[in-house]
Structure formats: C-alpha cells, structure tokens
Amino acid sequence: MLDARTWLFWAMTVLVIASSTRNPLYAILLLLIVTLVSAICAPDQNRRAMLLPFRFAATAVPLAALFNALTAHLGDTVLLRLPDWLPLLGGPLTLESLLFGATNGLVLTAIFGGFTLFNRATPVRDLVQLAPRAFHEAGVVLSIALTFVPQTTRSLARIREAQAVRGHRVRGLRDWLPIVVPLLVSGLEHSMGLAEAMVARGYGAVSDRAQPLRSQALLALGLLMLLGGWLAWLFMPWKRAALSGMIAGAGLILAVLRLAGRAAPRTAYRPRRWSGRDTLTVLGCGLALAVVLLPLPGRATLAYAPYPRLSLPPFDPLVGLGLLGLLAPVTVSGSRADHK
Amino acid sequence: MIHFNHLTYTYPGASRPALADVTLRIAEGEFALVAGPSGVGKSTLLRCLNGLVPHFTGGVLGGRVAVAGRDPVAEGPQALSHVVGFVFQDPESQFVVDRVEDEIAFALENAAVPPAEMRARVEEALDLLELTSLRVRPLESLSGGEKQRVVIAAALVLRPRILALDEPTSQLDPQSAQDVLSALVRLNRTLGLTIVLSEQRLERILPHADRLIHLPGPGGPALSGPPRQVLHQMDLIPPLVTLGKTLGWEPLPLTVEEGRCFAAKSQFPIPNPQPQIANPPSPILQVEGLSFNYNGTPALRGVSLTLGKGELVALMGRNGSGKTTLLRCIVGLLRPRQGEVVLAGESLVGQETADICRNVGYLPQEPGALLFADTVADELAITLRNHGMTNSPPIAPADLLTRLGLSDLAASYPRDLSVGQRQRVALGAVTVTRPRLLLLDEPTRGLDYPAKRELTRLLREWQADGTGVLLTTHDVELAAQAADRVVILDQGAVVADGSPAQVLTASPPFAPQVACLFPDTGWLTARDALAGLGRLPA
C-alpha cells in the first residue's frame, strides 16, 4: 500500500500535466493511465464508483465543447452560424472551437479522475496524518468533512425518495425546499451527534490548553514579514532585502508551527512508513514531470491549438513514454488485499 | 461506583425538568438496565454519567453525581472519557474514520497513547468484541450488529470502568441484537465492567440485568433495585412478566427457561388448534416473481406474495434479507429487474412513485426525512397539495389528526415532537390521501410500549376500513399481536408464509416468549395465554 504522501504527489502530477496540455492525444493518454491505475490500485466493488470519472466525462466533455463553441467563434470550419445580434453567442460555431472545448473537458476529467483515485486509495486516517501536528484538529475536521460528502449524498437521495412518496415532484427551484430543509436539519443533527460522540471519546482533551501568547505574537510577526517582503518585492527597488524578509518570515512561521506541534502531543496507530514502492512511484511521477516541463532540445511543445484550421495534433513519443511514468503505482502495487 | 444524589436537570428553554430528584446507586460490576417510556429522561440520565449533561447540552443541573469517585459535572466529558465509555443509539453517527481498527484507535491517537501500548489495546478491544477478522474492513461494509460492536470496542479502548449504552440494540435485527448483548454480558462477567444500558425492549436484557432502574415519568420517583422487585411496580413489562405477575408466579420468571417450570405446573386443557377455514379476503396487492439486483448482487429473487383487503401482513427477516427493497420496489423507488406488482388489478411497474403513492401510503424507516413543514397540520396539507387534492380531500385533515391523537399538536413544529408523535405525523402525511394499501418499514423502531400499543390500535382501525397493511418488523411481539399473516424473507426469497401461529412458532429466532413457553398451543401473546388458562379478566 502506498503512502498518502505518494498518492498526493501522484495526483498533483496528474493535475500539473493535465493543466499543461491541450493536446487531445496527451489528454486521452492521461485519462487512460488514470483509469488503468484506478482499476488496478483501488478496485471498488461498487461499479458506480468505478464508473464515476466516465459519468463525469459524459457531462463535462459535451458541456465544455458546447460552451467553447458558443463563446469562441474562431476557426475556419464553420458548422453553423448564430445571428450576430445575440450577445456573446452570435457568430460562427466552428469544428475547431468544438474540439478545443472537448479537449478541455477531457483535461478536467483526467484531473477529476486523479483526485477521485487519491480519495479512494487513501484512508481517511492517513489524510488526517497529512496535516502538520499543529493543525491536527483542523485535519480531523477536514477529514470528517470529506466523509460527510458521501453521507450527504445518501441523505439527499433518501429525502428525495421520502418526498416522492408524498407525491412531490421537482419541477422548479421552489420544489427543492422540501428536500433542502430536511437535508440541512438532518446534516445539523448528524453533526451534533458526531460532535457529542467525539467529545465522549476524549477528543480535544489534549489540545485544550491555549497556545501561549508568545507563539501567537511570533506567528503574527512571521506573517507580517512574509507579506511585507512580498509587497516590497513587487513595488520597491530593494529586491534582496525584500527576499530576505520573506525567507525570514517563512522560517519564523515554520518554527512556530513546529513548536506548536510539539506542544500538541499526538501518536499514530500505524506510523507512516516510506517504502521502496513509494520511492519508485515518486521517481515515475518525477520522470513524467521532467519530460513534460523541462525544455528539452528538439522536443515538441505540449500546447496544441486546432485554430485556424483543424490539423492532426502532434504526438511526441518521448512525451508519451514519459507519461507512462504515472503508471508506476500499477507496477509496484501488491496484491488486492494490500489495498484499502 | 455511581451515585446520583437528588439529581435534577432541566434542558435550556424547557418548562419542566427532564430528571427530577433522582437518587440511586449502582455498584461496581453491576449490569444496570434503565427502563421507562419514551422521553422520560433515560438518555439524559446516561449522559449525566460522563458529564455530556450539562457540558454539551447546557441547562440547569441540581444535586450531585459521583462516578468512580469523580465529579463529571466539574470535570467534563473529555476528562471522564477514561472512566466512562459511551455508546449512542445509531452507530453510523459516531464514526469518525472509515476502517475498523482506525476507528478503534482514534481515541488513543487523540490521547497520545504510545504506539506500542496503542497496538496492544486495539488488539485487546478487537479480541473482546470478536472483531479480529474484520479489522481492515471498511466500516460501510459491516452489518448493523458489527458496526455496533465496533462502536463498543472504540469506547472500551480507553479502558473505562463503566460502559454506558443508549438503546444500543434498537436498530438491530434479533440475531444481531443477541450478538451485541452476548458481547456485553461477556464484558460484564469477565472484566467486571459496570454496564448501564437503556432499552425499550426489556425482554432481551432483563435476563442479564443485576439492577433495574425505572424512570416512570413526571411526578413519579425513580425506582431502582433487583429486576424482580422493580418489575412488580412497573406497568410496561414484557409478555412473560405480565403472565408471571397475573398468574402469581414467584419468583417472577425473567427468561423462558425460568417460566417453563411454572408453565409445566399450570393446569389447562391442551387446546386443539383447528385450522381456520375462512374465505381469504379479495386481494388488494399481488406481487409476482419480483427480482431486483443491487450492483449485480441479487436482493430479491422471484418474490411472490398476495395481500388482501383489510389484511395485515408482517414481513420479517434478518437485516439485508430484502424487506425494505421489496417495499421500495412496490412504490416504484426501485425498478425491479423482472416481475409484476399489481394494486387492485392495476399494474404499478413503470409508474411514477408520486402517482403510485396516491393509492399507496409508504412510511420509510426514518420518518424524519418526510417532515419539513412549520406545523403538523401543514404536513398533511402539503401532501394533499402535491396530489392535487386540496379542494377535495378524501379524509378531512382535522379528522385524521384526531384519529392519530394529534389534534392538540396541529400547530406544533413536527421536529420538536417525541419519536412516537413524529411517527404519527409522518403516518398522517402519507395516509391523508386515504390509500388502499399501507406499507410501513420498521414502524416500531425506537417506540416504547404505549406508542406501540397506540400504533397497533391505529392499524386495526385502518384494517377495519379495508386498507391492506404490509409492515416490515423485527419486533416479534408486534407481529404476534397485530398480524393476520407473517411472511419471512431470507436472502431475497420468501421462505415462510402463513398464519402467525404457524410461522412464528416454527422459527425459533422469531418465536414470541409466550409461544416458547406454551408450545403446541397456538398461543402467541400474554392475552392468548391468559384466555387459554381461563384467567382473562372479564
């Protein structure tokens, strides 16, 4: 099982690469890689969960294509023409803008798929551990918020059904009231119940003592130095002093957080352990990032625009091979029982 | 171990105290059962043990509480978490993380227990609750009983001396409830853990309790003592105890085994139950070969059943046997893979839920999901509006409220009402269209004895009007009292269908106490037995 930090780095790599390209071939390759890793590293009994990225794509790709076609009237291959008097929408609808929008949809789907996999492959407890010790409580709250999303989805379905058996039909915005009110009330009731259960289990007892005033003052000073240095960097001529101020401010913030973390003792049931698999995965992601981001001589750019006339997008085999580095979790993953 | 001394507590904004002048003691290692009607303060009393009341709730508390020599009111729930483990009614509302052993370790991580000790304690808790084989399972994949055992393990991992449980088996089927109870009894007997548990269904717990605490309600003093002694002063008691008290059995039997000695001595003519040859009522609902899959897993396998006009059928079976799925298929919330559902000669398959529910009243497991209006009266009016019946309601809403015993609460906010009252409001909201068929999913969950009695009376009235009633329940005593027929589902298939006397007595997990006590008599309720023994008051 990979470390949560490794999965986070993998998901961030997918985000960076997806954001860097509008070449549909690379976007499709990325999507295939994400799907393959998802199927092998985080298999789910629930077929609906596995198909979630495809359901997302079914909405995102057509919507993005339509939006771009309606708003960007560029390209030579005109499919139809909307009246010019229509604000923003008026003008030619072109095949090029349609394709560019669809590529945006594919990119969004790849990012969505990457983070969906991160969420499925990482137990909530590991997410809590990702937070610095000084922010442990905030980490717990965030992780609970994550588990609330599927719970709220289930509640929504339950309440919609309960209202349907009273003859309720959703036709307009007003018709959502009988659904939203019980959803809010049940969400609040659930939050109160959970808070009560956590208090009964001693949550918050260790960190009850307030941070000393000195720590708070040093944290405020660090933030001021960072902000002041940044403003000075932007608007003043003395760049070196500004940079020094920013570095000192950041250092002070880190030091205060480290001290605050020590004052809030925490232990972990299963401490995080970095394994060779994690190193290999990070190297794979690093390879993909290097191929995509480094300006290697003779390498074609990732950027692609179908304008003004549609042409076949370029495909650099070196980039294609580099992206395969994102498959590292598949090659290093163990048996199914290993997984979440 | 525990001492309440003239404890009085009033919730913020309440006009009268939830607990008034409660004085009682619980000794170390005792298994104490807290009983009483809904809303009488059982949960409040338990929450006083670890200081959730008043620290979490606010309000005014008078008197003193001492728990293992400590003062929960002064120290608060976090400090008391190492002394009192607390288990709430709904296991799912207590989970913080998503995997069994992580959930159990959560409290230890927060308490900064060293990792080596933490691992030892988690192992201990897993062993005690027999959860070792489930340790890496996601919580959402567990059954209700398994989830409740995880919650108990998570409470025990801090090694408290007292375990307080607020109706921990109320949402479980009989077998899962028995698993949880067995675990609690083992903890009590082997570790000497003091257990304080509140419960509505006393018959399950009484055999294991050392002390019974009865909170009778406003004005009455709390009773505390050995169960047999307190039961003599209580009205809300299980059928076996009712029989024992009426027939003068001493010492009062708490288990069927204890009752058998007395039953064997009772002189009564052995009845010869004759098969009742009555014309079956004309069918209102016909289900034929209904099948449904969840993500490829069969949930219903060719279910067929018929329900007659004015007939009440109890649908029973373990959690996950397909009871709720069947009801949801009937009202169109789920589309069956194959099969037919016919209501009064008209096929319902393919119809919209909203259309089906003009003629079918469906009460889901959580009635709270139905309620959102500002007043009780509005809840009924909204259903009528949804169905376009505002100007010609099949039954006057005011009359229905009277029938439901809610006329005094017509202007009340529904969510402020008690569990039983809320359920009756929800019943009103789904029956104001005067449906020909009523589907009730676990209608007695969380209800006390009087509320159950009231529900049974209402169902009888609807039956008399010709309404067919199909209800799912784990409550064998309710099925014995109210059902004309019992159908048992197992793994999505009908495995038994017949009269309550035939089905309930043939299946030990579903047999009521009286049927176990007097086998082969056809008696199911205390009333049946008393009538058979010639002891029913005129």
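This tour proceeds through a predicted model, from chain A to the interface and then through chain B.

**Chain A as a whole**

Begin by selecting chain A, whose secondary structure comes to 13 helices and 2 strands. Oriented along its principal axes, the C-alpha trace of chain A spans about 70 × 70 × 50 Å. Of the 340 residues in chain A, 32% are buried. If one considers the contacts in chain A with a separation of 6 or more, 74% of them are between residues 24 or more positions apart.

Next, colour chain A by domain. Domain 1 takes in residues 4-207 together with 274-338, while domain 2 covers 210-263. Taken over C-alpha atoms, the centres of domain 1 and domain 2 of chain A are separated by 34 Å.

**The interface between the chains**

Display both chains and select the residues in contact across them: 51 residues belong to chain B and 42 to chain A. On the side of chain B that touches chain A, at least two residues are supplied by each of helix H4 (77-80), helix H5 (100-110), helix H6 (115-128), helix H14 (353-356), helix H15 (376-386) and helix H17 (419-431) of chain B. Which element should be highlighted here for the largest share? That element is H5(B), with 7 residues. Colouring this side of chain B by residue class gives 33 nonpolar, 12 polar and 6 charged residues.

**The domains of chain B**

Hide chain A and colour chain B by its four listed segments: domain 1 (2-235), domain 2 (238-276 + 514-538), domain 3 (281-359 + 435-498) and domain 4 (369-434). Keep domain 3 and domain 4 of chain B in view; their C-alpha centres lie 22 Å apart. Between them, 10 residues of domain 3 of chain B are in contact with 10 residues of domain 4 of chain B. For the domain 3 side of this contact, select helix H18 (residues 449-464) of chain B, which provides the largest share, 4 residues. That side of domain 3 divides into 6 nonpolar, 1 polar and 3 charged residues.

**A sheet in chain B: S5 to S9**

Now select strands S5, S6, S7, S3, S8 and S9 of chain B, which in that order form an open sheet of 6 strands with mixed pairing. Strand S5 (84-87) and strand S9 (223-225) of chain B are at the edges; each has a single partner strand, so one side of each lacks a neighbour in the sheet. From one strand to the next, the twist averages 15°.

Zoom in on one edge, where strand S8 (residues 211-214) of chain B runs antiparallel to S9(B) and is joined to it by 3 bridges. To locate a particular pair, pick Leu212(B), whose bridge partner in S9(B) is Gly225(B).

**A hairpin and its further partner**

Move to residues 283-294 and 297-308 of chain B, strands S10 and S11, which pair in the antiparallel sense over 8 bridges. Label Asn293(B) and Pro298(B), which are bridge partners. The hairpin of S10(B) and S11(B) has 2 residues between the strands, and Asn295(B) takes a positive phi near 50° there.

Then add strand S13 (residues 338-343) of chain B, which runs antiparallel to S10(B) and is joined to it by 5 bridges. Here Leu285(B) has Leu343(B) as its bridge partner.

**A second sheet: S15 to S19**

For the final stop, select the open sheet of 6 strands in chain B with the order S15-S16-S17-S12-S18-S19, again of mixed pairing. What leaves one side of strand S15 (360-363) and strand S19 (493-498) of chain B without a neighbour in the sheet? Both stand at the edges with a single partner strand each, so one side of each has no neighbouring strand. Neighbouring strands of this sheet are turned by 15° against each other on average, direction ignored.

At one edge, strand S18 (residues 485-490) of chain B and S19(B) run antiparallel and are joined by 5 bridges. The pair to label is Asp490(B) with its bridge partner Ala493(B) in S19(B).

Finally, show the helices that accompany this sheet. Helix H13 (residues 323-330) of chain B packs on the sheet and touches strand S12 (312-316), S15, strand S16 (437-441), strand S17 (468-472) and S18 of chain B; the direction of H13(B) makes about 145° with that of S16(B). H18(B) lies across S12, S16 and S17 of chain B, running at about 145° to S17(B).

Conventions. Residues are numbered from 1 along each chain as its sequence is written. Chains are lettered from A and ligands numbered from 1 in the order in which they are written. This is a predicted model: local features need pLDDT of at least 70, side-chain atom pairs count only at pLDDT 80 or more; totals for chains, interfaces and linings use all residues. Two residues are in contact if their C-beta atoms, placed from the backbone, lie within 7 Å. Ala, Val, Leu, Ile, Met, Phe, Trp, Tyr, Cys and Pro count as nonpolar, Asp, Glu, Lys and Arg as charged, and the others, Gly among them, as polar. Two strands pair if DSSP finds at least two bridges between them. Domain bounds come from an automatic or database domain assignment. Axes are lines fitted to C-alpha atoms, for helices over the stretch in contact, and angles run from 0 to 180 degrees between N-to-C directions. A residue is buried if 20 or more other C-beta atoms lie within 10 Å of its own, exposed if 12 or fewer, and partly exposed in between; C-beta atoms are placed from the backbone.
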